[in-house]
Amino acid sequence: MTLARRYQQGAIKIRDIASEGGLPEKFLELILLELKNARIVESVCGSKGGYRLRRPPSDIRLSEVIRVIDGSLAPFGDADQLRSLIARDADHRALYQVFLDVRDGAARILENTSLADIVNDPEVPSPTLRKRYPTKKQDRKKA
């Protein structure tokens, strides 16, 4: 988020990012290395060096960042695993379907939210996201 907020400023030193985010520098270095390998950020050498986003914050989706850092978008496994469980395990099919719906809802929000969305207006309350990305239950109420 620091790199997105300060995108126009160019490269930001790790110590400045760590300080602004309240993160240990060594921990941050590991995250930035993963993001660099995924071509989301790039490093700049020299006295004015540091890290910067490779693309504008509006072009980077939260889903990209989370997949790089955490892997799956939801704690219940990926969609293919869940679909396989739904097909194989009749006793727990309904539960796996709920997990799939949760995963799909989380993915929909994260894939449609950019870094710019979350840094441009830090005062945006969560109900705004619910309006932008309604749940299936909210969709049914509208119908």
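## Pocket and aromatic pair at a glance

The largest pocket holds about 480 Å³ of space. Lining this pocket are 22 residues, and those closest to its centre are Met 1, Thr 2, Ile 31, Leu 35 and Val 65. Please keep in mind as you read on that this is a predicted model. Alongside the pocket, there is one aromatic pair to look at, found in a search of the whole structure.

**The largest pocket**

- Two or more lining residues come from each of these elements: α1 (2-5), α2 (14-21), α3 (25-37), α4 (62-70) and α7 (115-120).
- Helix α4 gives the largest share of the lining, with five residues.
- Sorted by class, the lining of the largest pocket has 18 nonpolar residues, along with two polar and two charged ones.

**The aromatic pair**

- The search of the whole structure turns up one aromatic pair, and its partners are Tyr 96 and Phe 99, with ring centres 6.5 Å apart.
- The ring planes of Tyr 96 and Phe 99 meet at 65°, so the pair counts as edge-to-face, a label for planes over 60 degrees apart.
- Both Tyr 96 and Phe 99 sit in helix α6 (residues 93-111), where they are three residues apart, about one turn of the helix.

**Accessibility of the two rings' residues**

- Tyr 96 has 18% relative accessibility and counts as buried, because buried means under 20%.
- Phe 99, at 23% relative accessibility, counts as partly exposed, because that class runs between the 20% limit for buried and the 50% limit for exposed.

Terms used:
Residues are numbered from 1 along each chain as its sequence is written. This is a predicted model: local features need pLDDT of at least 70, side-chain atom pairs count only at pLDDT 80 or more; totals for chains, interfaces and linings use all residues. Side-chain values use heavy atoms; hydrogens and water are left out. Rings of Phe, Tyr and Trp (its six-membered ring) pair if their centres lie within 6.5 Å; planes under 30 degrees apart count as stacked, over 60 as edge-to-face and the rest as tilted. Helices (H or I, at least four residues) and strands (E, at least two) are DSSP runs, numbered from the N terminus. Buried means under 20% relative accessible area, exposed over 50%, partly exposed in between (1.4 Å probe, protein chains only). On a 1 Å grid over the protein atoms alone, a cavity is a set of points where a 1.4 Å probe fits but cannot get out, and a pocket is an open set with protein on both sides within 12 Å along at least five of seven lines; lining residues have an atom within 4 Å of a point. Grid points are joined across faces, edges and corners, and a volume is the space filled by probe spheres set on the points. Ala, Val, Leu, Ile, Met, Phe, Trp, Tyr, Cys and Pro count as nonpolar, Asp, Glu, Lys and Arg as charged, and the others, Gly among them, as polar.
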